[in-house]
Amino acid sequence: MLELHVGGLALDAATGNVCRIVAKKKGWWTVQFLGEDATHSRRAKQLTPRADATCVKLLDLLTSQGYVVFDF
């Protein structure tokens, strides 16, 4: 199961854009939209965790080799 974490990617419900989580402070996540320098504050309910491209490629490779990947 994907969870929000600093350094991870998320989908912002307000804009529909993908952002990187850069910090967390007392109920607020600080995000930076890809290709931008500015940061924005969001509540967890406004963000949906996304898998990093590296993780997606690794999962594709493992499943193509016959491995079964479980989501805990």
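Which residue of β2 is the bridge partner of Ala 10? Select Ala 10 and follow its pairing into β2, where the partner turns out to be Cys 19. Keep in mind throughout the tour that the model on screen is predicted.

**The whole chain**

Colour the protein chain by secondary structure, and 1 helix and 5 strands should appear, in the order β-β-β-β-β-α when read from the N terminus. Of the 72 residues in the chain, 18% count as buried. With a surface displayed, the chain exposes about 5,400 Å², and carbon and sulfur atoms supply 58% of that area. Among contacts between residues at least 6 apart in sequence, 33% join residues at least 24 apart.

**The first hairpin**

Return to the strand that holds the opening pair and select β1, residues 9–12, together with β2; the two strands pair in the antiparallel sense over 3 bridges. They form a hairpin with 5 residues between them, and in the turn you can pick out Gly 16, which has a positive phi of about 80°.

**The second hairpin**

Now select β2, residues 18–25, with β3, residues 28–33, and note that 6 bridges join these antiparallel strands. One of the bridge pairs is formed by Lys 24 and its partner in β3, Trp 29. Show the side chains of this pair as well, since Lys 24 also lies over the face of Trp 29, at 5.2 Å from the ring centre. Aromatic pairs, by contrast, need no selection here, as a search of the whole structure finds 0 of them.

Move next to the loop between β2 and β3, where Lys 26 is placed; this hairpin has 2 residues between its strands. The phi of Lys 26 is near 30°, a positive value in a residue other than glycine. For comparison, most residues other than glycine have a negative phi. Is Lys 26 buried or exposed? Lys 26 counts as exposed because its relative accessibility is 82%, and the cut-off for that class is over 50%.

**A buried threonine in β3**

Select Thr 30, which lies in strand β3. Thr 30 is classed as buried because its relative accessible area is 15%, where the limit is under 20%. Leaving out residues up to four places away in sequence, Thr 30 touches Arg 20, Ile 21, Val 22 and Ala 23, and also Thr 39 and His 40.

**The nonpolar core**

Display the side chains of Leu 4, Ala 10, Cys 19, Ile 21, Trp 29, Val 31, Phe 33 and Leu 47, the 8 residues of the largest nonpolar core. The elements giving two or more residues to this core are β2 and β3, and the largest share, 3 residues, comes from β3. Nonpolar side chains tend to be buried together in soluble globular proteins.

Centre the view on Leu 47, whose contacts beyond four places in sequence include the core members Leu 4, Ala 10, Cys 19, Trp 29 and Val 31. Leu 47 is also in contact with Leu 11, Asp 12 and Arg 42.

**The last stop, in β5**

Step on to Thr 48, which lies in strand β5, residues 47–50. Thr 48 counts as partly exposed, with 44% relative accessibility. Beyond its neighbours within four places in sequence, Thr 48 is in contact with Leu 4, Leu 9, Ala 10 and Leu 11. To finish, draw a distance between the C-alpha atoms of Thr 48 and Leu 2, which are 46 residues apart along the chain and separated by 8.9 Å.

Methods:
Residues numbered from 1 in each chain as written. Predicted model: local features only at pLDDT ≥ 70, side-chain atom pairs only at ≥ 80, totals over all residues. Heavy atoms only, no water. Core = buried A, V, L, I, M, F, W, Y, C linked by side-chain atoms within 4.5 Å. Buried < 20%, exposed > 50% of the residue type's maximum accessible area, 1.4 Å probe, protein only. Helix = DSSP H or I, 4+ residues; strand = E, 2+ residues; numbered from the N terminus. Contact = heavy atoms within 4.5 Å. Phe/Tyr/Trp six-rings, centres within 6.5 Å; stacked < 30°, edge-to-face > 60°. Lys NZ or Arg CZ within 6 Å of the ring centre and 35° of its normal. Areas by Shrake-Rupley, 256 points an atom, 1.4 Å probe, with all protein chains shown as cover. Pairing = 2+ DSSP bridges.
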